[in-house]
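Please look through the structure shown here with attention to how its side chains pair and pack. The text that follows takes up ring pairs, the nonpolar core, charged pairs and backbone angles in turn.

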Amino acid sequence: GASDGVQNAVRIYSEVQKVSVLIAFNSWTQYTTWFRKASTMTSRKSDELNLTSCCLENVPDHVFIHWYKHIHTLNLGRNFMRKQADPVPYGSSREMELTVGFICDLPKFSHLRNLTLSDNELAVFPTHICNITTLKSLNLSQNL
């Protein structure tokens with residue numbers, strides 16, 4: 001509070017680490033300057049996404065929803081990526097399973113230049129990758 005000289009503060013809580021941090025500022029000007037810079041940094045979407053060693057069998061759907069227009073470099077190395085499973089018969093109990101996120105969906109990344117799928121479970125070349133017209137670099141090393 002005002003008695004200890006802290007009038008402008010921001011409390012940041014990490015749900016993952018269950019830790020709360022208080023950042024105090026000496027003036028309203030310092031607070032607003034920091035807040036403006038922090039807002040700008042957190043609103044930017046990076047053009048690189050590293051999902052190495054995340055035990056993924058497919059690309060998470062939120063990546064397709066939020067990142068597909070922004071990603072230039074996508075690293076999916078050291079996961080369990082493989083060719084999409086055979087289509088699920090209509091009306092089966094598995095019908096509602098994942099419908100996006102397989103390697104055949106990667107051409108949806110409209111600006112993708114660099115793709116790493118090394119050290120996964122790809123037994124054959126994923127031909128859908130040929131539909132990524134912006135792709136300049138592809139790493140498929142150390143697959144099955």
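In this predicted model, the count of aromatic pairs comes to 3. One of them joins W28 and Y31, whose ring centres are 5.0 Å apart and whose planes meet at 35 degrees, so the pair is classed as tilted. Because W28 and Y31 are 3 residues apart in helix α1, which covers residues 28-43, about one helical turn separates them. The two residues nevertheless differ in their surroundings, since W28 is exposed, with a relative accessible area of 54%, whereas Y31 counts as buried at 17% relative accessibility. Ring pairs also bring in F25, so that F25, W28 and Y31 are linked into a cluster.

Another of the aromatic pairs is formed by F64 and F109, with ring centres 5.0 Å apart and planes at 40 degrees, and this pair is therefore tilted as well. F64 belongs to helix α2, while F109 sits in the loop between β4 (73-75) and β5 (114-116), so the pair ties together parts that are 45 residues apart in sequence. Both F64 and F109 are buried.

F109 leads on to the nonpolar core. The largest such core has 20 residues, and F109 is listed among those with the most contacts inside it, together with L74, L76, L106, L112, L115 and L117. What does L74 touch, once residues up to four places away in sequence are set aside? Its contacts are L49, L51, L106, F109, L112, N114, L115 and T116.

The charged side chains can be followed next. Side chains of opposite charge can pair when their charged atoms come close. A search of the whole structure finds 3 salt bridges. In one of them E57 pairs with R82, the closest N and O atoms being 3.3 Å apart. E57 lies in the loop between β3 and α2, and R82 in the loop between β4 and β5, so this salt bridge ties together parts that are 25 residues apart in sequence. E57 is partly exposed, with a relative accessible area of 44%, and R82 likewise counts as partly exposed, at 36% relative accessibility.

R82 has a further partner in E121, and for this salt bridge the closest N and O atoms are 3.6 Å apart. Here too the pair links distant parts of the chain, with E121 in the loop between β5 and β6, R82 in the loop between β4 and β5, and the two positions 39 residues apart. E121 counts as partly exposed, at 29% relative accessibility.

A salt bridge is also formed by K108 and D105, whose closest N and O atoms are 3.6 Å apart. K108 counts as partly exposed at 45% relative accessibility, but D105 is buried, with a relative accessible area of 9%. Through shared partners, salt bridges join E57, R82 and E121 into one network.

The backbone angles complete the account. S53, although it is not a glycine, has a positive phi of about 55 degrees. S53 is found in the loop between β3 (48-50) and α2 (61-67), and at 40% relative accessibility S53 counts as partly exposed. Q142 is likewise a residue other than glycine with a positive phi, in this case near 60 degrees. Q142 is found in the segment after β6 (137-139), where, at 61% relative accessibility, Q142 counts as exposed.

Key. Residues numbered from 1 in each chain as written. Predicted model: local features only at pLDDT ≥ 70, side-chain atom pairs only at ≥ 80, totals over all residues. Heavy atoms only, no water. Helix = DSSP H or I, 4+ residues; strand = E, 2+ residues; numbered from the N terminus. Buried < 20%, exposed > 50% of the residue type's maximum accessible area, 1.4 Å probe, protein only. Phe/Tyr/Trp six-rings, centres within 6.5 Å; stacked < 30°, edge-to-face > 60°. Core = buried A, V, L, I, M, F, W, Y, C linked by side-chain atoms within 4.5 Å. Contact = heavy atoms within 4.5 Å. Salt bridge = Lys/Arg side-chain N within 4 Å of Asp/Glu carboxyl O.
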